[in-house]
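Take a look at this model with me. I will ask why each label applies, and each answer will test it.

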Amino acid sequence: NGGGGNDADSVVVAIIDTGLDFDHDSLEGGFWTNEFELANPYSPDDDANCYDYDLWGYHFIEPTLVPADDHSHGTHVGGLVLKNMPDSVNTALMSLKVQAENGKGTLFHAICAIYYAGDNGADILNLSLGFYGERPTVMDSALVRVGRWHDVLVVTSAGNDSVLVDTVPHWPSGFSTYKHIISVTAVDGDDMMAPFSNYGDLIDIAAPGTNLLSTVPGGLLEEKSGTSMAAAVGTRAAVLYKSCMPSATGAEIKAEILAQAEVIPGLFPSVAGGRRLNAIDSVY
């Protein structure tokens, strides 16, 4: 799975989600670790960064707990990022738990996780989550900061409600107008829009997102569908590109992924430019 922890050449991916299953064999060796925290994940704030127990990431809901997955969504997303990753590509998944056992979370915790990821060396943020409503200015500020200060790429899921996001704003995918933020919707194996997928000009690209097999807690594998899965596939492509071009900024990675996308006529006008991810050309 191309794991390797956070070596000097690792691509660090923050999975801002329900946590990760640290005991899953298929994810072994693929976790980020805080080198300034002691080896015992249950020790207190060894590095004095005001985050207790952040050896492998952080549990924003229950700060005294390790950010393990008690749902399944985050582990599935993380498994897709690592799936069939070449051994030459070192990927380190940072577990930032912002969603509870029921899969729900708060805007506050998501924003805190964005700041944490940027400040602790993440190269790519995977935000397979979303909500509707007014433009969240505090999230806007956090995303702008990690882009400007840390040159990260932010990969977001477009949402699963079959709505036109140009008229029904969905966040954080609605921030795709920023050069370092890419919004991903889901297509099936025939390059047709998945029936649940949100659509519109604010969506940058489509990627496979139906019946994808990946890891879930308990050492198991399970198929899931959703734009969350499509975003994880997009994140995987970004990891491959970043591993080849370590100095590439988030904006440069997004530009390359969009430039190398395959144009699928049937995706007009559901996806901007009719673009579908072409992971091979994006890398090579």
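Q: What do the buried residues of helix 1 pack against?
A: They pack against strand 1 (11–17), strand 3, strand 4 (124–127), strand 10 (212–216), strand 11 (220–224) and helix 4 (227–244). The model is a predicted one.

Q: Why is helix 1 called largely enclosed by the rest of the structure?
A: Buried means under 20% relative accessible area. In helix 1, 10 of the 10 residues are buried, so the helix is largely enclosed.

Q: Which residues of helix 1 are buried?
A: They are His73, Gly74, Thr75, His76, Val77, Gly78, Gly79, Leu80, Val81 and Leu82. Asn84 follows helix 1, with a positive phi near 55 degrees.

Q: What makes the contact between Lys97 and Asp70 a salt bridge?
A: The rule asks for a side-chain nitrogen of Lys or Arg within 4 Å of a carboxyl oxygen of Asp or Glu. The side chains of Lys97 and Asp70 meet at 2.9 Å, N to O, so the pair is a salt bridge. It links distant parts of the chain. Lys97 is in strand 3 (residues 91–97), and Asp70 is in the loop between strand 2 (57–59) and helix 1 (73–82), 27 residues apart.

Q: Is Lys97 buried or exposed, and how do you know?
A: Its relative accessible area is 1%. The cut-off for buried is under 20%, so Lys97 is buried.

Q: Why is Asp70 called partly exposed?
A: Its relative accessible area is 37%. Buried is under 20% and exposed is over 50%, so a value in between is partly exposed.

Q: How do you know that Arg276 and Asp191 meet in a salt bridge?
A: Their side chains come to 2.9 Å, N to O. The limit is 4 Å, so the pair qualifies. Arg276 lies in strand 13 (residues 275–276) and Asp191 in the loop between strand 8 (181–187) and strand 9 (205–208), so the pair ties together parts that are 85 residues apart in sequence. Both Arg276 and Asp191 are buried. Asp191 and Arg276 are also linked with Glu262 in a network of salt bridges.

Q: What makes Lys254 and Asp204 a salt bridge?
A: The N to O value is 3.5 Å. That is within 4 Å, so the rule is met. Lys254 is in helix 5 (residues 250–259), Asp204 is in the loop between strand 8 and strand 9, and 50 residues separate them. Lys254 and Asp204 are both buried.

Q: How many salt bridges are there by this rule?
A: The count comes to seven.

Q: Why are the buried residues of helix 5 said to line one face of the helix?
A: The buried residues are Gly250, Ile253, Lys254, Ile257 and Leu258. Seen down the helix axis, they fall within an arc of 130 degrees, so they line one face. An α-helix has 3.6 residues a turn, so residues three or four places apart point the same way.

Q: Why are helix 2 and helix 3 called roughly parallel?
A: Helix 2 (residues 107–119) and helix 3 (residues 137–150) pack at an angle of about 10 degrees, with their axes 10 Å apart. Angles under 35 degrees count as roughly parallel. The two helices are therefore roughly parallel to each other. Helix 2 brings Leu107, Ala110, Ile111, Ile114, Tyr115, Gly118 and Asp119 to the contact; helix 3 brings Val138, Met139, Ser141, Ala142, Leu143, Arg145, Val146 and His150. These residues divide into 10 nonpolar, three polar and two charged.

Q: Why does Leu240 count as buried?
A: Leu240, in helix 4, has 11% relative accessibility. The limit is under 20%, so Leu240 counts as buried.

Q: Why is Asp151 called partly exposed?
A: Its relative accessible area is 40%. That falls between the 20% and 50% cut-offs, so the label is partly exposed. Asp151 is found in the loop between helix 3 and strand 6 (153–157). Its phi is near 55 degrees, a positive value in a residue other than glycine.

Q: Where is the cis peptide bond that involves Trp171?
A: It joins Trp171 and Pro172, with omega about 5 degrees. Pro172 is in the loop between strand 7 (170–171) and strand 8.

Terms used
Residues are numbered from 1 along each chain as its sequence is written. This is a predicted model: local features need pLDDT of at least 70, side-chain atom pairs count only at pLDDT 80 or more; totals for chains, interfaces and linings use all residues. Side-chain values use heavy atoms; hydrogens and water are left out. Helices (H or I, at least four residues) and strands (E, at least two) are DSSP runs, numbered from the N terminus. Buried means under 20% relative accessible area, exposed over 50%, partly exposed in between (1.4 Å probe, protein chains only). Contact means heavy atoms within 4.5 Å. Axes are lines fitted to C-alpha atoms, for helices over the stretch in contact, and angles run from 0 to 180 degrees between N-to-C directions. Angles under 35 degrees count as roughly parallel, over 145 as roughly antiparallel, 65 to 115 as roughly perpendicular and the rest as oblique. Ala, Val, Leu, Ile, Met, Phe, Trp, Tyr, Cys and Pro count as nonpolar, Asp, Glu, Lys and Arg as charged, and the others, Gly among them, as polar. The arc is that of the directions from the helix axis to the C-beta atoms.
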